[in-house]
Amino acid sequence: MKHCGTQTLETGRLLLRRLTVDDCEMMYNNWAADPEVTRYLRWNPHRSWSETAELLNEWEKHYPDPAYYQWGITDKRSTVLFGTISIFPPQDLKTGWHLNTERLGGPWEVGYVLGRKWWDHGYATEALCAVRDYWFGTVGGQWLAACHANENVASGAVLQKAGFVYDHDVTDHKFDGTPVPCRAYRCVRDA
């Protein structure tokens, strides 16, 4: 694997790009403060723009790291930012896989979130496919992991449309330690 960091990716409708503190207002308004959007995520809804700005400031600091992958999802025509997608070494998905992780390497997990207004339009699948193809084609990763809360069946449908297959049940955790029963998926290069 050759880590290449967060490079700009383009699809038919989307531009996936690095985020900056200047994205604070759109991130906060379009999804970060919405309890309906964040209910299945590891983090709670943001209470203020300053909370969103602090997070974006932290993310910006990591972009020089070639093993850091965090994109903002924007509409290519309007340039409106309406979600994020990332790849990261997982906290809770290290074991239990039904594949040879010694040969393929340890897991990297993909995660995504979109504002509610942009649900059910295929944007999550489109972004996920772009990131998956970048991971396999440019970075040279052999496989990707993903998980979703059992109750979040829409996320499972997104994963399946992007070529991920169910692997096993797992208990993931919110950042505050709350356990969340989940389904773990995998996507293997050239599978």
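**Group meeting talk: a walk through the model**

Let's start with one residue, T84. If you set aside its neighbours within four places in sequence, T84 is in contact with L19, W31, W59, Q70, W71, G72, I73, G111, Y112 and V113. Before I go on, please keep in mind that this is a predicted model.

So where does T84 sit? It belongs to strand β4. And is T84 buried or exposed? It is buried, with a relative accessible area of 7%.

Now move one place along, to I85. Again leaving out neighbours within four places in sequence, the contacts of I85 are L16, Y69, Q70, W71, I73, V110, G111, Y112, A127, L128 and V131. I85 also turns up in the largest nonpolar core, which has 33 residues. The members that touch the most others there are L16, W71, I85, I87, L128 and F164. Which elements supply at least two residues each to this core? They are β2 (14-17), β3, β4, β5 (109-114), α5, β6 (143-149), α6 (153-161) and β8 (179-188). The one that gives the most is α5, with 11 residues. There is also a second, separate core of 14 residues, and L19, M27, W31 and A53 are among its members. If you're new to this, here's some background: in soluble globular proteins, nonpolar side chains tend to be buried together.

Since α5 came up, let's look at that helix. It covers residues 123-139, so that's 17 residues in the run. From first C-alpha to last, α5 reaches 23 Å, close to the 24 Å expected at 1.5 Å a residue. How many of the residues of α5 are buried? The count is 14 of 17, and α5 is mostly covered. Right after α5 comes G140, with a positive phi near 85°.

Next, compare that with helix α3, residues 49-62. This one has 14 residues and reaches 20 Å from its first C-alpha to its last, close to the 20 Å expected at 1.5 Å a residue. Its buried residues are T52, A53, L56 and W59. Why do we say they line one face of the helix? Looking down the axis of α3, the buried residues fall within an arc of 125°, so they line one face. A general point helps here: an α-helix has 3.6 residues a turn, so residues three or four places apart point the same way. On the face of α3 turned away from the buried side, you'll find the exposed residues E54 and K61. And what covers the buried residues? The cover includes α1 (24-32), β3 (69-75) and β4 (81-88).

On to the strands at the start of the chain. Strand β1, residues 9-10, pairs with β2 in the antiparallel sense over two bridges. A hairpin of three residues joins β1 to β2. Within that pair, L9 stands opposite L16 in β2, and L16 is one of the residues I listed for the largest nonpolar core. On to the next pairing: β2 and β3 run antiparallel and are joined by four bridges. There, L14 has D75 in β3 as its bridge partner.

Now, two loop residues with something in common. T79 is in the loop between β3 and β4. Its phi is near 65°, a positive value in a residue other than glycine. T79 is exposed, with a relative accessible area of 51%. For D120, the place is the loop between β5 and α5. Phi of D120 is also near 65°, again positive in a residue other than glycine. D120 is exposed too, at a relative accessible area of 78%.

Last topic: cysteines. A disulfide is a covalent bond between the sulfur atoms of two cysteines. How many disulfides are counted here? The count is zero. Take C129: its closest cysteine sulfur, in C187, is 8.5 Å away, too far for a bond. The cut-off we need for that step is 2.5 Å between the two sulfur atoms. From the other side, the sulfur of C187 has C129 as its closest cysteine sulfur, again at 8.5 Å and too far for a bond. Are these two buried or exposed? C129 counts as buried, at 18% relative accessibility, and C187 counts as buried as well, at 6%.

That's my tour. Happy to go back to any part of the model.

Methods: Residues numbered from 1 in each chain as written. Predicted model: local features only at pLDDT ≥ 70, side-chain atom pairs only at ≥ 80, totals over all residues. Heavy atoms only, no water. Expected span 1.5 Å × (residues − 1). Buried < 20%, exposed > 50% of the residue type's maximum accessible area, 1.4 Å probe, protein only. Arc of directions from axis to C-beta. Contact = heavy atoms within 4.5 Å. Core = buried A, V, L, I, M, F, W, Y, C linked by side-chain atoms within 4.5 Å. Pairing = 2+ DSSP bridges.
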